[in-house]
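Reader: Hi! I'm new to this one and would love a friendly walk through it. Could you put it up on the screen first?

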Amino acid sequence: MGIDHHGRTHRLDWEDATLRKWDCTVLWSDPADPDQGIVLDRSAFYPGGGGQPPDHGVLIWQGVQTRIVGTRKGDDLYLLPAPGDPVPPPGTTVVGAIDDDRRSALMRTHSGLHVLCGAVFRDFNALVTGGNMEPGEARMDFNLPEVPPGFKQSLEDAVNAEIAADRKIVVRLISAEEANAIPDLVRTQFVAPPTMPQVRVVDIVGLDVQADGGTHVASTGQIGRVVVTKVESKGRQNRRVRIKLVS
């Protein structure tokens, strides 16, 4: 299986994060057991992972629509229909459509977290110990035993300076050999470097390069202004930074 596939599903979201509507075919489903999910031959639904939640949207077919509200884990990309919605049987041609407001907010939020991570790593050499996001707000934990006075405001200023710089965000595939040659490609503590033949990296040019499978905006200027809403102590070694998009 190549990096452009999840099981039998061709990953359109990895090819074009701006794609919101496409034609596809149902490869597998069980209308009698909707909780088993729906497998498409081509999908732009981000299935979730790396702290980014799955996309929502719809499948349109034969004059009806099926709302997609999540995914379940498995060898294939299983899309979960909303309770009570009809399930298209295998072989059905459908139109997939992503909830644009949710996806766009998650893309901005995810890119904002990478800017945050880049700024903290640059200024404090601290690794990530955890994180999570919802549309428009997120938190990231860092191995940061001590912070200086005024840390919250100075970090917010640093993040917004990188956003104002409108740095280009480039997503590309590199070989494992190239990945191993990039220092600190994995910024999450206790996570091993990727071992697959090809590695997907997200490069905020001049600030941050990380192995990452999520969706992102094209430049930091598209993130909008970020507010650091809270900095919390989470044990002797960890600080939790909460952010929110405000424009």
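Author: Happy to. One term before we start: two strands pair if DSSP finds at least two bridges between them. Strands are DSSP runs of E with at least two residues, helices are runs of H or I with at least four residues, and both are numbered from the N terminus. This is a predicted model, in which local features need pLDDT of at least 70 and side-chain atom pairs count only at pLDDT 80 or more, while totals for chains, interfaces and linings use all residues. Residues are numbered from 1 along each chain as its sequence is written, and side-chain values use heavy atoms, with hydrogens and water left out.

Reader: Good, so in which sense do β15 and β16 pair, parallel or antiparallel?

Author: β15 and β16 (residues 238–245) pair in the antiparallel sense, over 7 bridges. The two strands form a hairpin with 4 residues between them. In that turn, Gly235 has a positive phi of about 95 degrees.

Reader: Which residue stands opposite Val231 there?

Author: That is Val241 in β16. Val231 itself is found in β15, which covers residues 226–233.

Reader: And what else does Val231 touch?

Author: Not counting residues up to four places away in sequence, Val231 touches Phe151, Lys152, Arg240 and Val241. Contact here means heavy atoms within 4.5 Å.

Reader: Is Val231 buried or exposed?

Author: In between: Val231 has a relative accessible area of 26%, so it counts as partly exposed. The scale calls a residue buried under 20% relative accessible area, exposed over 50% and partly exposed in between, using a 1.4 Å probe and protein chains only.

Reader: Where's another hairpin I can look at?

Author: Try β10 and β11, which form a hairpin with 2 residues between them. Gly136 sits in the turn and has a positive phi of about 90 degrees. β10 (residues 128–134) and β11 (residues 137–143) pair in the antiparallel sense over 6 bridges. One of the matched pairs is Gly130 with Asp141 in β11.

Reader: Both of those turns had a glycine. Which residues other than glycine have a positive phi?

Author: Asn125 is one of them, with phi near 55 degrees. Asp166 also has a positive value, near 50 degrees. As background, most residues other than glycine have a negative phi.

Reader: Where do I find Asn125 and Asp166?

Author: Asn125 is in the loop between α2 and β10, and Asp166 lies in the loop between α3 (151–164) and β12. Asn125 is exposed, with a relative accessible area of 57%, whereas Asp166 is partly exposed at 43%.

Reader: Switching topic: what is the strand order in the open sheet of 3 strands?

Author: The order is β1-β2-β5, and the pairing is mixed. β1 (5–6) and β5 (42–43) stand at the edges with a single partner strand each, so one side of each is left without a neighbour in the sheet. β2 (residues 9–11) pairs with β5 in the parallel sense over 2 bridges. There, His10 stands opposite Arg42 in β5.

Reader: How is the chain divided?

Author: Into domain 1 (5–98) and domain 2 (103–246), with bounds that come from an automatic or database domain assignment. Their contact takes 13 residues from domain 1 and 14 residues from domain 2. The domain centres, taken over C-alpha atoms, are separated by 28 Å.

Reader: Why does the second largest pocket lie between the domains?

Author: Because domain 1 and domain 2 both give residues to the lining of that pocket. A pocket is an open set of points on a 1 Å grid over the protein atoms alone, where a 1.4 Å probe fits, with protein on both sides within 12 Å along at least five of seven lines; lining residues have an atom within 4 Å of a point.

Reader: Which residues lie nearest the centre of the second largest pocket?

Author: Of its 17 lining residues, those nearest the centre are Ala17, Met107, His216, Val217 and Ala218. α1 (12–15), α2 (100–124) and β12 (169–175) each supply at least two residues of the lining.
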